[in-house]
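Please look through the sequence and the model shown here before reading on. The paragraphs that follow lead from ring to ring and then to a single helix.

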Amino acid sequence: MVKIAILGYGTVGSGVFEVVRRNRNAITNKIGEEIEVKYVLDLKTFEDDPVMEVLTSNYDDIINDDEVKIVCETMGGVKPAYEFTKRALESGKSVCTSNKELVEKHGPKLLKIAKANNCSYLFEASVGGGIPIIRPLRTSLAQEEILSITGILNGTTNYILTKMETEGLAFEDVLKRAQEKGYAERNPDADILGFDACRKIAILTSLAYGKNVDYADILTEGITAVTGTDFAYAKKMGATIKLFAKSLKKDGKYYALVAPFMVTSENPLYAVNGVFNAILLNCNMGGETMYYGKGAGKLATASAVVADVLDCAKHIGKNLDTKWDEEKLEISPVDSAVRRFFVRVLGNDLAGIQKIFGEVELYDGVAEGECGFVTGEMSEAEYRQRAAEAGNVITMIRMD
């Protein structure tokens, strides 16, 4: 029997407790040993909940118990999660977590501590909830050179954009509905401004290339400026709008970006709607692979944490190595990235537009007093220069 502890009995922590209990037989059949929750750490009490049998408010109970081999950190945030994780790893206890903030900020350091103490630090649930993506990067795709990663990594923003498109609702109205349904936090800034997706693409990019990506180096734009008029243009173009988190290796340089993109039906991510997430990887040998599923939610995320628990349980006393050095990966300025742009401008002077932007695909008659067009390929810096020269740009959305 392998005994584990859970730190935090919130949404994910209670989900881990439930998955272990409900799937006890399936887990035992697959790994040959039973998993038992010996402790759950929380300062609150939960009357009439079976967790009361194993509840503790003292972390030392867990650290000092040699029977506990694996700790599930589902607290969120950095404090005290970092200190608790560090102490567990230093004690030779493997840690499995869903905490993307902690992983992004201290991942390389914690992996190094785990390796030095013959245990593991696993974090499948920190990106994409129940979607297996980190394990494939670590194992199935270890032989590949990752050329690019494109992800819909935030269910809240994908839900909002889907409802704006399909029901014609304004951004503020859909956000309110998302909050009522529990898809968005009371303070939704981390989601709608793109920061949540940014942390996740920073983690994935670090794992893909083996060096540390600071999420602060990634240009991040949210969805607050996307309007119904933008979707009207998208419909005329046979496209949709998604918040993409992207990273790319090209000519020895690395680029990363989080922003809304116009996406055509040729892209596999075009059909990913609602609260679902997906990650599209392009590899130099195997080509494209896509990973799709629930990007959040109690049981989906908890299931990913428990998958890591099983991995650790099969390798007690060993380190499941993850290549992620503390050395920084330099992210090149987005100015030199080349792509096409969808642009809305006041008026519909095609000759004037083409004089500044060159040959374009024009889309007229969508909204009064303006038109939209898609440029040819140019760098981000070149686009900004031309937009400033035009002086009548309403908005821009990048083309994928």
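Because Y292 has a relative accessible area of 47%, it is classed as partly exposed, and F276, at 28%, is partly exposed as well. These values, like the others in this account, come from a predicted model. The two residues belong together, since F276 and Y292 form a stacked aromatic pair, with 5.2 Å from centre to centre and 5 degrees between the planes. F276 is part of strand β11 (residues 276–283) while Y292 is part of strand β12 (residues 287–294), so their pairing ties together parts that lie 16 residues apart in sequence. The structure holds 12 aromatic pairs.

Another of these pairs joins F357 and Y383, whose rings are tilted, with 35 degrees between the planes and 6.3 Å from centre to centre. Here the partners come from helices: F357 lies in α13 (residues 350–357) and Y383 in α14 (residues 380–390), so this pair ties together parts that are 26 residues apart in sequence. Both F357 and Y383 are buried. They also belong to one aromatic cluster, which is formed by F341, F357, F373 and Y383.

F357 leads to a fuller view of helix α13, in which I353, I356 and F357 are buried. Seen down the helix axis, the buried residues of α13 fall within an arc of 80 degrees, and therefore they line one face of the helix. The general reason is that an α-helix has 3.6 residues a turn, so residues three or four places apart point the same way. On the other side of α13, by contrast, A351 and K355 are exposed.

What, then, covers the buried residues of α13? The cover includes the strands β14 (341–346), β15 (361–363), β16 (370–374) and β17 (378–379), and it also includes helix α14, where Y383, the ring partner of F357, is found. Just after α13 comes G358, which takes a positive phi of about 80 degrees.

Rings in this model also meet charged side chains. The charged end of R199 sits over the ring of Y215, at 4.1 Å from the ring centre, and in a second case the charged end of K246 sits over the ring of F261, at 5.4 Å from the centre of that ring.

Notes
Residues numbered from 1 in each chain as written. Predicted model: local features only at pLDDT ≥ 70, side-chain atom pairs only at ≥ 80, totals over all residues. Heavy atoms only, no water. Phe/Tyr/Trp six-rings, centres within 6.5 Å; stacked < 30°, edge-to-face > 60°. Helix = DSSP H or I, 4+ residues; strand = E, 2+ residues; numbered from the N terminus. Buried < 20%, exposed > 50% of the residue type's maximum accessible area, 1.4 Å probe, protein only. Lys NZ or Arg CZ within 6 Å of the ring centre and 35° of its normal. Arc of directions from axis to C-beta. Contact = heavy atoms within 4.5 Å.
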